[in-house]
Amino acid sequence: MKEELIATNTAVSGEKSSDGKWDLIQVKNLVKYFPVRGGVLQRVVAQVQAVDDVSFTVREGETVGMVGESGCGKTTVGRTMLRLTPPTAGSVLFNGTDVFKLRGAELKAMRRNMQIIFQDPYASLDPRMPIGESVMEGLKIHNVGKPKERYGVVIEMLRKVGLEEYHSRRYPHEFSGGQRQRIGIARALALRPKFIVADEPVSALDVSIQSQVLNILKDLQREFGLTYLFIAHNLSVVEHISDRVAVMYLGKMVEFANREELFVNPLHPYTQALMSAIPIPDPTIRRKRIILQGDVPSPLNPPKGCRFHPRCPVAMEQCSLQEPVFREAKPDHWVACWRVE
């Protein structure tokens with residue numbers, strides 16, 4: 001049983017990065033538009049451009065953090081990569097296989113390797129089902145092992161996240177928020193996936209509980225060789241857990257770099273504004289804040305040229321006329337900004 005599960009976590013093939021790691025996930029020109037319907041005949045009258053031409057890679061065994069304001073498309077990227085939301089265009093290659101082209105049994109087999117931890121664990125758990133049954137559900141769907149073996153995997157996963165066997169007989173409402181999030185992690189791990197999308201897994205938790213959940217995620221990553229896409233608002237959390245960080249604004253990726261490089265030398269004005277908002281623990285040190293003017297434009301009608309130019313403190317005429325190219329400004333440091341030489 002365990003050998004069967006572990007066998008899904010073998011070495012991957014694909015392109016090698018500069019540091020010798022394989023690109024487990026390759027997202028190429030990902031687009032997701034949501035139609036807006038109106039009128040008597042409910043025709044499509046507009047499109048919400050939630051994700052527009054996003055490309056990046058996730059290397060085997062690393063954590064890519066994804067940050068940005070609410071509504072910038074972070075969650076949509078994660079859900080579309082897993083095909084929980086159907087894509088409009090683009091491709092997602094997992095271990096060299098285009099996830100969007102899979103059907104039937106092939107898609108079902110692929111889902112075993114790609115799991116998600118939802119932001120709200122209470123909403124994602126069936127209130128009528130003991131949590132042991134919820135964790136076991138994936139094993140039943142994929143017909144992994146016999147009932148006794150499945151139960152053993154459930155107990156093992158619960159203990160990995162700090163819960164006990166007797167917890168498996170309890171219902172979701174009997175747990176705290178932090179415990180429910182641990183259950184969500186155990187459920188995502190039950191099939192021993194290679195890749196997990198963590199959709200703001202600690203945003204609704206107390207600070208003390210956040211650190212516990214983050215430490216669990218890092219410990220499990222080392223133990224099982226997991227690869228994460230970690231979606232979050234809190235830049236301090238992202239800095240703690242990520243290897244590389246992607247910054248999104250209004251459906252576009254504006255910067256993508258190694259954690260150390262991004263936090264020390266952010267190139268895009270939007271990233272610089274986000275960094276200036278990170279609180280400093282030392283009260284004697286004051287950071288110069290960059291206050292952005294105005295509100296985030298609507299994804300129904302995004303600005304022409306650079307989408308950030310109406311709020312950018314250093315925008316020039318070209319920014320409102322032509323969309324900047326997302327290019328490699330430094331080794332492994334990508335940015336979309338006309339100001340960056």
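## Report on a predicted protein chain

Val254 has its place in strand S10 (residues 252-258); helices (H or I, at least four residues) and strands (E, at least two) are DSSP runs, numbered from the N terminus. The model is predicted, so that local features need pLDDT of at least 70 and side-chain atom pairs count only at pLDDT 80 or more, while totals for chains, interfaces and linings use all residues. Residues are numbered from 1 along each chain as its sequence is written, and side-chain values use heavy atoms, with hydrogens and water left out.

### Val254 and Val247

With a relative accessible area of 7%, Val254 is buried; buried means under 20% relative accessible area, exposed over 50%, and partly exposed in between (1.4 Å probe, protein chains only). Not counting residues up to four places away in sequence, Val254 touches Val247, Tyr249, His268, Tyr270, Thr271, Phe326, Trp334, Val335 and Ala336, where contact means heavy atoms within 4.5 Å. One of these partners, Val247, is placed in strand S9 (residues 244-249) and is buried at 1% relative accessibility. Beyond its neighbours within four places in sequence, Val247 is in contact with Val67, Lys252, Met253, Val254, Glu255, Leu262, Tyr270, Thr271 and Leu274. Tyr270 and Thr271 thus appear among the contacts of Val254 and among those of Val247.

Two C-alpha separations place these valines within the chain. Val254 and Leu107, 147 residues apart along the chain, have C-alpha atoms separated by 31 Å. For Val247 and Val44, 203 residues apart along the chain, the separation is 30 Å.

### The chain as a whole

The secondary structure of the protein chain comes to 12 helices and 12 strands. Its radius of gyration is 21 Å, close to the 20 Å that the globule rule gives for 341 residues, so the chain is as compact as a globular protein of that length. This radius is taken over C-alpha atoms, and the globule rule is 2.2 Å times the number of residues to the power 0.38. The C-alpha trace spans about 65 × 60 × 45 Å along its principal axes.

Of the 341 residues, 48% count as buried. Among contacts with a separation of 6 or more, 64% are accounted for by residues 24 or more positions apart. The chain exposes about 16,500 Å², of which carbon and sulfur atoms supply 52%; accessible areas come from the Shrake-Rupley method with a 1.4 Å probe, and for residues only the protein chains shown count as cover.

### Nonpolar cores

In soluble globular proteins, nonpolar side chains tend to be buried together. A nonpolar core is a set of buried Ala, Val, Leu, Ile, Met, Phe, Trp, Tyr and Cys residues joined through side-chain atoms within 4.5 Å. The largest such core has 58 residues, of which Leu139, Ile185, Leu189, Leu217, Leu220, Phe230 and Tyr270 touch the most other members. Helix H8 (residues 207-224) gives the most to this core, with 6 residues. Apart from the largest core lies another, of 32 residues, among them Ile25, Leu82, Phe94 and Val99.

Leaving aside neighbours within four places in sequence, Leu189 is in contact with Met157, Ile196, Leu220, Phe224 and Leu226. Ala186, in helix H7, is buried at 0% relative accessibility. With the same exclusion of neighbours within four places, Ala186 is in contact with Val135, Met157, Leu158 and Val161.

### Helices H5 and H2

Helix H5 (residues 131-141) has Ile131, Gly132, Ser134, Val135, Met136 and Leu139 as buried residues. These pack against helix H6 (147-160) and helix H7 (177-189). Helix H2 (residues 74-81) is mostly covered, with 6 of its 8 residues buried, namely Lys74, Thr76, Val77, Gly78, Thr80 and Met81.

### Positive phi angles

Most residues other than glycine have a negative phi, and most peptide bonds are trans. The table lists residues with a positive phi.

| Residue | Phi | Place |
|---|---|---|
| Asp53 | about 60 degrees | strand S2 (residues 43-59) |
| Arg83 | near 65 degrees | follows H2 |
| Asn95 | about 55 degrees | loop between strand S4 (89-94) and strand S5 (97-98) |
| Asn143 | about 55 degrees | just after H5 |

Asp53 is partly exposed, with a relative accessible area of 39%. Asn95 also counts as partly exposed, at 21% relative accessibility.
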